Amino acid sequence: MEYLWVMLGSALGGGARYLVSGLAGNQFGQTFPWGTLIVNVTGSFIIGFLATYTGPDGRLLLRTEARQFFVTGVCGGYTTFSSFSLQTLNLMRDREMALAGANIGMSFLLCLVAVWCGHLAALTLSQLKGA
């Protein structure tokens, strides 16, 4: 049954990724993969938050199935390393080395900062009295 919950979460995460990435592409253009960057940074924040907030020491203890649905399913379906890799390769093939490097650097740094911020946000929320 856990597999079904993960698959359902992945489908919802994939749909959300398609929506957010498309909106970002329409807003900022397709020259640089802004949609994938935004998806991966927001997904990193969300997974950092959920892993901390719903973990064994977190404020909200979820059943294993629910945690797998959100963390593995939704977040896993939402974020995408394969799209990042393909878009970076395409930038390099188009001899856009500066953009490829910017994509690599920004993705690494911003996703790492975002997962840390999500973790800190969950810790802060967990310490609020009366919440």
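**View 1. A nonpolar surface patch of about 830 Å² in the predicted model**. In this predicted model, the side chains of Met1, Tyr3, Leu4, Trp5, Met7, Leu8 and Leu12 together make a nonpolar patch on the surface, with an area of about 830 Å². One of these residues, Leu8, lies in helix α1, and Leu8 counts as partly exposed because its relative accessibility of 41% falls between the limits of 20% and 50%. Trp5, another member of the patch, is likewise classed as partly exposed, with a relative accessibility of 36%.

**View 2. Helix α1 and the residues that it buries**. Helix α1 runs through residues 2-28, and its 27 residues span 38 Å from the first C-alpha to the last, a value close to the 39 Å expected at 1.5 Å a residue. The buried residues of this helix are Gly9, Gly13, Gly14, Ala24 and Gly25, and the elements against which the buried residues of α1 pack are α2 (34-53) and α3 (64-78). An α-helix has 3.6 residues a turn, so residues three or four places apart point the same way. After α1 comes Gly29, whose phi is positive, near 95 degrees.

**View 3. The aromatic pair of Trp5 and Phe69**. The count of aromatic pairs in the model comes to six. In the pair formed by Trp5 and Phe69, the ring centres are 5.9 Å apart and the planes stand at 90 degrees, so the arrangement is edge-to-face, for which the angle must be over 60 degrees. This pair links distant parts of the chain, with Trp5 in helix α1 and Phe69 in helix α3, 64 residues apart. Trp5 is partly exposed at 36% relative accessibility, whereas Phe69, at 13%, counts as buried because its value is under 20%. Trp5 and Phe69 also belong, with Phe70, to one aromatic cluster.

**View 4. The tilted aromatic pair of Phe28 and Trp34**. The rings of Phe28 and Trp34 form an aromatic pair with a distance of 6.3 Å from centre to centre and an angle of 55 degrees between the planes, an arrangement described as tilted because the angle is neither under 30 degrees nor over 60. Phe28 has a relative accessible area of 52% and is therefore exposed, the limit being over 50%, while Trp34, with a relative accessible area of 32%, is partly exposed. Phe28 falls within the range of α1, residues 2-28, and Trp34 within that of α2 (34-53).

Notes
Residues are numbered from 1 along each chain as its sequence is written. This is a predicted model: local features need pLDDT of at least 70, side-chain atom pairs count only at pLDDT 80 or more; totals for chains, interfaces and linings use all residues. Side-chain values use heavy atoms; hydrogens and water are left out. Helices (H or I, at least four residues) and strands (E, at least two) are DSSP runs, numbered from the N terminus. The expected span of a helix is 1.5 Å times one less than its number of residues. Buried means under 20% relative accessible area, exposed over 50%, partly exposed in between (1.4 Å probe, protein chains only). Contact means heavy atoms within 4.5 Å. Rings of Phe, Tyr and Trp (its six-membered ring) pair if their centres lie within 6.5 Å; planes under 30 degrees apart count as stacked, over 60 as edge-to-face and the rest as tilted. Patches are made of residues with over 30% relative accessible area and no salt bridge: like charges are joined within 9 Å, nonpolar side chains (Val, Leu, Ile, Met, Phe, Trp, Tyr) within 5 Å. Accessible areas come from the Shrake-Rupley method with a 1.4 Å probe; for residues, only the protein chains shown count as cover. A salt bridge is a side-chain nitrogen of Lys or Arg within 4 Å of a carboxyl oxygen of Asp or Glu.
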